[in-house]
Structures are given as structure tokens and as C-alpha cells.
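Here are a few exercises to try with the model open in your viewer. Have a go at each task before reading on.

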Amino acid sequence: MLKKTSLLFFFNILSLLVFAQRKVSISGYLKEAATGESMIGATLYVDELQDGAATNAYGFYSFSLKPGTYTLRFTYMGFKDEVYTVNLQNDTTINVDMKSTNSNELEGVVVTGERADKNVSSTQMGTIGLTTEKIKKLPVVFGESDVLKAIQLLPGVQSSGEGQAGFYVRGGGPDQNLVLLDEAVVYNTGHLFGFFSIFNSDAIKNVNLIKGGAPANYGGRLSSVLDVNMKDGNMKQFEGEGGIGLIASRLTLQGPIVKDKGSFMISGRRTYIDVLTKPFLKGNAQGSGYYFYDANLKANYILGKKDRLYLSGYFGQDVFTFNSKSGDFNVKMPWGNATSTLRWNHQFNGKLFMNVSAIYNKYDFEFRGGQKDMSIALSSGIRDWNGKIDFDYFSSFGHDFKFGMNYTYHTFIPSQISGSSGDSMFMPANPFTKYAHESAIYITDEFNLGKRLKINAGLRYSLFQQVGPYANYTYDKDGNKLDSTVWGSGQLVKTYGGFEPRISGRFTINDVSSIKASVGRSMQYIHLVSNNGSTLPTDVWMPSSMIVQPQKAWQYALGYFRNFNDNAIETSVEVYYKDLKNQLEYREGYTPSNFRDPEVDLVNGEGQAYGAEFFVNKTKGNFTGWIGYTLSWTNRRFEMLNSGKVFPAKYDRRHDLSIVANYEFNKKLNASAVFVFGTGNAITLPTGLYYVDGKLVQDFSEINQYRIFPYHRLDLSLNWTPRANSTRRIKGTWAFSIYNVYSRLNPYLLYVSTEGSLQQGTKVTVKQVSIFPILPSITYNFKF
């Protein structure tokens, strides 16, 4: 009897413990009520627990808690809070449609649609998002809103040059930024030789920049991640928007395929520079022309309560042409990107979410020229086939896991040359085309250690394999081929791989302040080595190989974050240090050749980048904006360059300041101002001249020993909506912008001019080229 009583008592205690530990999950999707667009980064907050969860990239959330009665608060900046009081006893699904506040105070002026205290509460460092509404309010050159121009105004991000869309992040090169458009890698982000980005703001839903401490689900680059998502399309009703500017026009259409089940979005943009300049071209320039165009397309369909398909694509191209007046000489240069992404979402249950993606992307550059009966063609590019699978698992024991894997097959085509003359043709197989497999597997875990400390820890393992066909040549001192080793199709040439640990943490000091830290290792297997400061269409991507080793980096960051005035003002101070290995540059005296593999002319080195970033961001009220300041150093050292001495990288910039201000007068009128200042780029200049056998020879300084003049400018803009309160179906906004208000002649490049002769003496002058004086512009934007 005593034994039975003891067993019954033990069973009751065990049952109580199990029930006490039992948790139920609440999950679902958050969408915009007006359009059905999924809401990325929206928040579920449980008042009683002072804890919650955020939605993922597809608007899905999940949170586990003990059975009981709770007040659930769904929040998203610029939208009304949705509050539910529920008695949770079992796993429950709650899908929420969020309604816009339509308030001047909130519309389009918040950095992202996230919880108000995310600056303090999240574990992520160096992460900033931008809405397209905010981007469109900034002053722009030639009236074209530009995602990449906007992120250049953030601390730690530097412009690659006057008016250009290329960017550097925390001392990294332009190839060290992973740029994604609906998960597809974008290799060349610029139109018009880099003056515009390929991203059409009307087609973009949100932009997220990660400057450091990227989670383990991202990889393949050392410096940053720029994750851009296209709009899904309006599931409720058909609508359109567009703009007519000085040099380009655009149109975006979206609407339901089946109401509340599927939607589409299609957006197009084209310049008419070729049309506008044609009347002014004289002489041989009469046959010249330039234009670019791009198109974004996306469709999605809800297959059931747990399944959804997405199909998206981008296609863009620049075209430059020249035809001589006599017709005996012509040139055509097209280049551009194409991407396509097919995704399938599946929700297994309230805790497990899966996304499977199949992705294709390519970048091509061509040059075709001819004179009379002779023609020549040059082409290069890169093509990727990519498959990936990602899981989100929201456990009931306080750990949120992400895990998955991906695989990419690369084809690199550097400088394929062909030609013809009369009846003869020259079309050799490109001996420098390379092929590679790249794959990775990862896991991340985000969890709390007590009430104050939150950790995000991850581990990534990446693998890169160069495969044949491939030929490795040896050369003599004059560059002539001596011998070769050949691998057949699919044969393994070289393998690289390694673990990439990532960890970041947040320690909460109080409700309005926290300290964050992060450490991460990254590996990069594909490279873009250029003699230019930014990504140009002629630059060639190349893989790691027998000769070229992968780039590696450790990055360390520490920051203090504090909010003021009920989270209306966000501030942060971050310091970072980046240790870079296997950095690549061309050897001294390198001259490009289409008949020699460029990888044999590369040299390896190391680098360091360190600095401090200061950020003040006002997110609420009629007056919004931010101030960002970066103090930084970026150095490189190569045994084969600069006599092995340390030298500043081209993009070493000691001081970088951005001030952005926006004021909402009313629903009809808002004004913006931007001021930027930056230390001049480092540059190498000749320090002496002498004659050898009657020929002028230059002596050069150490690498990047000098600097060009500092860069600064002021931009202003005014957006006026005459009928903001009108019920008319078509609503228009006039956007007036002045770029470089005080017409500062900022240096675009410097060059050395020599005049004279050996007998008369030689005069040397360093001259500056400036391209943008004051530039007013006007754009008419419309919605219907």
C-alpha cells in the first residue's frame, strides 16, 4: 500500500512538472491590410512577459509560451497596433492584417517597419534598413531615386566616387559586398558606368544593410550584405505608379491574380539620353548613343494554408553605340544583369518553417567593333545556378534556430576575344574559362541567458572546388608560354574550405540602453580585381584556383546603443577592427592582355581596417533625419608592392560625415536636405621626371602617398503633392531637387599633364577633372 501511494505521489509530482513546463505556440502571418503584402520585421509583443518575436522575410512569426491568458500586441511602425487578449491552451494560429495609420508623423519616415526599440533590444550590430518611401524623399542626381546612393549616407559606408553607385563598407573593396535581389546575387550594381544603381525604387519593398556581424545564413563576402526584396504585388486591387524625369521614366503595375490568393508586380524603366542628345551631336559623334533599361517582375500564389510559391526576375542592360558619319567604323557595347528566383514556402507546423529556392543569375559584357571589312568582338561574364534550402525552427525551450544549406555552380568567362578580316575568322576557344562548385551548410541559434543577455551564435562551413576543364600554364620572363598542365571536364583541380563561426550578443543595461558585441569569420572565394576605384562593366570576376587563394577576414565590433524621448531618437557608437588575409592586387607594371590569364598577374597581401562610427537617428515627428560620422583607417601590405611597406588603401577615408534632414510641412509638402563631407581618396602621383634615350620617364611616389582634395556638397529637394486629400483616382507628386547646391567642383579624377621637350625643359601639371556642378532636376511621380 505504501509503495502504491509513493508511486501515485511521484506520478502526480511528475505530471505537475510536465504541465508546468508544457508550452504552446502561437504563430501566423502579418500582412498589410490594404495590399496583402507580407510584413518583414513586424513584431509580436506579449505584455505580460515583456518578450516576443519578429516576423521573418515572408511575414511568418512563431512564439512559445506557457498556457494562460495573455495580451498580444502586434506592432509595425507606421501601422496601428493590433491588440488581442487570448486564452492559450493549445497551439494557436493568428493571422493579422495591419492597417496603416495614414499619419504624417509616421508615414515613410521610419528606418524600417520594426519594433520601436530594436536599436537597443536586438542582437544585431551594424544593421540598418531603409524603406523606399524614405529613399524617395532624399535629393537625387537627375531626379532618379537610388537605393545605393541612400545607403552611402549611413556611417561605415562610403561612396566610390562622385555620383557613383558603387560603395565600400568598413574598409572593404567593392567586390566584398554581397548584393542580393530576392536572394539572387547581383554582380554589377550600376547603370551609366556606375552613376545609377540597377534598383528601381518603385519595385522595391525594403532594403537591409548588414555592415558587420552577419548571421551565418549569409556568406561568400567579407564586408557586408545588402539584402533587397521586391514587392510581392497588391492582392486586393489593381494599382500603378510611375515617374517622368529629365533622363528616364518608369512605370510599375501590380494587382491580384486571384484576390487574396495570388498577385503580380511588373516594373519597367528606360532612359532617353540617346533621344535627348541626338540633336546636339555633330560630326563623327552623330552616330553615338547611350541608354539603359531594366525590368522587374514578380508573381506569387498561395497554394494552401501552409504553402506559397514566388517567382521573381530582373533583367537590365546598358547599351553604348558609336557609328562614324562615314559608316566605315562602328562600336556597340551592351552589358547587364539577369536574375530569376523560384521559391516555395512550406509551414510544417506552428514552429517549423521552410523555404526552398532555385536561382539563376548572370552578368555579361560585350564589345563589338568593326572597320570596313574587319571586325572584333570581346566578351566576358559570370553565370550561376544556385539551389538552397532554409529552415526556421522556433523551439518551445527558448531557442530560435535557423539552419540550411546551399549550392552554386559557377561559370567564369574572362575576356573571350574573336574577330574576322575579309574571308578569315578568328574564333578561338577561351582557354581561361573557369568552372567551380561552391556550397555551404549553416546553423544559427538565438536565445536568452537571463533577462539581460541575449546571444545569437552561428556556425557556417563553406566549400569551394575548382573543376576542369582547366589549363595551368607556365611562362618565361617575357610572358611566353612554356608548358601546361591540363584537367579534363569535371576533374577536381583545387579544393578550399573552412569553418566560419559567428557570434553576437546584447547586454541590456536598462529599458533604453544596451551594449552589443560581435565576432565573426568570413571567407570569400570569388574576386573582382580592378585598376579602378569602383565596379565598371569591363571588370572581370575570377574564382579561387590553384594560383588564387580565397580571401579571409575576422571582424570584431563593440557598440553602445541608447534611445531617447520614448524611442524617437536612436543613438549608437560602434568601434570595429577587421583583419584581412589573402587580399589581391595586380603586380607592379601589370598591363591587361586578352591572351594571358589575369590570375598569373595577381599578388597576395594582407590588410587591416578599423574605426569608430557615430549615429544619431530621429525617427518620429514632422522633423526626421540622421547624422552619421565615421573615423576610420584602412591599410594594405603586399610583399611584392611598395617595397613591402604598409600603404593606405585607395578607399581609406579618415573622415566621413553625412547629415540628412527631412521636414513634413503637411500632407502636401515635405522638404529634404543632405550634406556630405569626406576625406579625399588616396592617390599615387609622379614625383620626378627624367629622360632615358630621349624618352620621358616618370618616377612615382609610394603607393597612395598623396590625397586628392576633400569631397563635400549640399543637396536639397522638395516634394509637392497638389491634391494630397483628393479622392481622384490619379494622384501626382512633383519632386524638385538640386544636386550640389553651391556647385562645389569635387575631384572625379586627377591626371598628370606634361609639356615641353628635352631641350626646352618639361613642365609638369597635375590637373583635376570635375563632372557635376550644380544640377537642378524635376520629376513628376504619379499613382493610380
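**Exercise 1.** Work out whether Asn-567 is buried or exposed, then look at its backbone.

*Solution.* Keep in mind that this is a predicted model. Start with the accessibility: the relative accessible area of Asn-567 is 16%. The cut-off for buried is under 20%, so Asn-567 counts as buried. Next, place the residue: Asn-567 sits in the loop between strand 36 (551-564) and strand 37 (569-586). Finally, check phi, which is positive at about 65° even though Asn-567 is not a glycine.

**Exercise 2.** Go through the steps again for Asn-704: is it buried or exposed?

*Solution.* With a relative accessible area of 12%, Asn-704 is buried. Its loop runs between strand 45 (695-700) and strand 46 (706-707). Phi of Asn-704 is positive, near 55°, and again the residue is not a glycine.

**Exercise 3.** Find what the side chain of Asn-386 makes a polar contact with.

*Solution.* First go to strand 25 (residues 374-394), where Asn-386 lies. Its relative accessibility is 16%, so Asn-386 is buried. Now list contacts beyond four places in sequence: they include Ser-357, Ile-359 and Tyr-407. The polar partner is the side chain of Thr-408, at 3.4 Å.

**Exercise 4.** Take the open sheet of five strands and say which strands stand at its edges.

*Solution.* Write down the order, 9-16-17-12-13, with mixed pairing. Strand 9 (127-131) and strand 13 (184-185) are the edges: each has a single partner strand, so one side of each lacks a neighbour in the sheet. For strand 13, that partner is strand 12 (residues 177-181), joined to it antiparallel by two bridges. One pairs Leu-180 with Val-185.

Definitions and conventions
Residues are numbered from 1 along each chain as its sequence is written. This is a predicted model: local features need pLDDT of at least 70, side-chain atom pairs count only at pLDDT 80 or more; totals for chains, interfaces and linings use all residues. Side-chain values use heavy atoms; hydrogens and water are left out. Two strands pair if DSSP finds at least two bridges between them. Helices (H or I, at least four residues) and strands (E, at least two) are DSSP runs, numbered from the N terminus. Buried means under 20% relative accessible area, exposed over 50%, partly exposed in between (1.4 Å probe, protein chains only). A polar contact is a pair of N or O atoms within 3.5 Å; within protein, one must be able to donate a hydrogen and the other to accept it, and residues adjacent in sequence count only if both atoms are side-chain atoms. Contact means heavy atoms within 4.5 Å.
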